[in-house]
Amino acid sequence: MSLSFFQILIISLWAFWGIIDGLSWNIGMNSCILATLFTGIVVGNAEYGLIVGGTLQMTQLGVGTYGGASVLNITSSGMIATALGASTGADPIAFASSIGIALAALFVQLDILARFSNTAFQHIADKYVESGNTKGINLMNHLGIIPWGLSRGLPVFFFLLAGQELIDTLMGFFPQWLMDGFKLAGGMLPMVGFAILLRYLPVTKKPQYVILGFVLAAYLGVPTLGVALIGLVAALLVFQNAIAGHPAAAAATSGGDDYED
Amino acid sequence: MKISENSKFTAKELRKINLRWIWQSQIGWNYERMQGLGYLSTMIPVIDRLYGDNPELKDKALHVHSQFFNTQPAMGDIIVGMDIAIEEQSLNEVGIETAASVKTALMGPFAGIGDTIFGMIAGAVFGSIAASMATQGNAIGIIIWTIWQLACLLFRFKMFDLGYEQGIKLVTTLSGHMNALTEAASVLGLTVVGAMVASMVKFPLSTLTMSLGTDPETGEELINEFNLQTYADAIMPALFPALLTGLCYWLLGKKWMNSNRLIIAVVVAAIVLRVIGVITA
């Protein structure tokens with residue numbers, strides 16, 4: 001089964017607009033799983049999209065473009081892996097952790113290129129600042145949409161248009177043990193996401209909460225949402241204690257009450 | 001939103017500027033000024049209204065607001081609100097300069113708080129739930145995450161109002177609250193990550209078989225099976241996921257290691273371990 005031009009177009013348009021949404025309203029179009037779910041629905045296999053998106057998302061939990069850093073573009077690569085994988089019938093986890101990860105790494109370059117291209121609009125806007133042309137400034141800011149959108153829309157469009165045969169050939173070369181390895185990698189990769197998160201979180205100052213969560217899940221089998229609620233209880237206690245021990249913050253709380261009236 | 005008596009804007013106009021920031025803050029993002037172009041573009045209606053009849057001040061404001069700026073976008077709502085409050089109260093050069101220094105002073109710390117709460121913690125908690133459900137073909141998790149993002153969008157109006165209504169005095173009152181909030185949020189994040197390591201990292205150990213030769217009486221081959229997973233579980237459930245995540249954490253602290261290299265290393269390790277038969281698909 002090959003993709004129709006209309007399918008390719010609508011998936012590429014989502015990719016184009018997804019990054020713009022992620023930069024502005026952020027209602028989720030740029031989140032990997034929603035994008036792969038959408039792609040899955042378009043190609044007629046929603047479950048495939050969910051599995052590909054979930055597998056890729058696990059490698060990047062809580063990872064963001066903080067301070068303008070470029071991160072793996074799992075949204076675009078996930079959409080490509082979903083659309084092409086669903087039609088070839090490849091194992092979604094193995095497919096996501098091979099092609100999905102490889103393309104995500106490749107697309108980082110396009111993110112950098114987009115951020116760099118917008119510097120040109122910045123320079124024109126600088127001239128408009130001198131001449132007081134506010135309409136021009138506004139336009140230059142909006143022109144940034146083009147490099148941003150193309151950095152996501154174009155690769156998705158290109159790979160969906162030309163990638164089917166390329167990937168068929170590629171997959172033909174992959175022996176079973178290699179595909180098994182990729183599938184196992186899919187199960188192991190979440191630990192990278194968690195390790196990155198722990199690097200940002202105060203794990204050395206408060207190791208007890210990591211242990212608490214681990215014990216709840218590993219020994220007691222509490223589901224994720226349940227652990228999150230227990231974590232919320234701990235968070236509320238910490239918050240109340242911090243406010244109580246902080247005169248300035250306590251003053252702000254009472255001040256805040258007045259302001260609500 | 002509470003508008004001060006000598007405000008130059010109606011509540012509706014202020015909301016429009018708030019929406020301008022949400023829409024424009026990052027579409028023109030570039031390496032040179034980052035959100036600087038978005039900030040300048042957002043402020044155009046403010047500059048036109050406040051300094052429209054004073055070309056000198058208008059020129060000054062355009063230059064000041066085109067400087068480098070970068071923060072977490074939702075926290076930026078507070079800064080934009082504050083900026084407008086400061087400038088419309090002063091209507092002079094000092095006002096513009098005060099606004100400029102408030103922007104510069106707040107963007108860094110606000111980015112730290114915002115990235116922690118809106119980026120890492122929310123991404124970890126909602127992302128883990130969405131990802132674990134998605135890998136089982138369940139869309140509920142991603143729907144919950146999307147609802148959270150919609151709630152965040154609505155919350156941004158509140159942040160803007162807070163910045164505008166409280167102005168500069170917010171800086172002192174907010175600091176204690178924000179630190180407490182960040183601390184509490186990281187506790188939630190740590191708890192969820194601890195659980196996720198146990199439930200989501202899959203490291204299925206193989207069962208090794210070893211021949212002990214043939215039974216001299218029956219002639220059958222004697223096979224001894226070592227179920228590695230049972231041995232590991234006897235020590236602690238999710239032993240290897242915990243150890244390996246610790247290893248990844250340690251590796252990420254090394255100068256020569258980064259997340260992308262680590263991902264490649266894990267993929268290679270998985271293939272090697274599969275080939276030598278330690279883990280099975």
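Let me begin with the term helix, which here, like strand, is a DSSP run numbered from the N terminus, with helices being H or I runs of at least four residues and strands E runs of at least two. With that in place, Ile11(A) sits in helix H1 of chain A, residues 5-23.

Please keep in mind that this is a predicted model, in which local features need pLDDT of at least 70, side-chain atom pairs count only at pLDDT 80 or more, and totals for chains, interfaces and linings use all residues. Residues are numbered from 1 along each chain as its sequence is written, while chains are lettered from A and ligands numbered from 1 in the order in which they are written.

Is Ile11(A) buried or exposed? Ile11(A) is buried because 24 other C-beta atoms lie within 10 Å, the terms being buried for 20 or more such atoms within 10 Å of a residue's own, exposed for 12 or fewer, and partly exposed in between, with C-beta atoms placed from the backbone. Leaving aside residues up to four places away in sequence, Ile11(A) touches Thr39(A), Val42(A), Met79(A), Ala83(A), Val156(A) and Leu160(A), where contact means C-beta atoms, placed from the backbone, within 7 Å.

Turning to the two chains together, 103 residues of chain A are in contact with 97 residues of chain B. Helix H12 of chain A, residues 224-244, gives the most to the side of chain A that touches chain B, namely 14 residues.

Finally, in chain B, helix H6 covers residues 140-166, and its buried residues include Trp145(B), Arg156(B) and Phe160(B). Just after H6(B), Gly167(B) takes a positive phi of about 55 degrees.

Conventions
Expected span 1.5 Å × (residues − 1).
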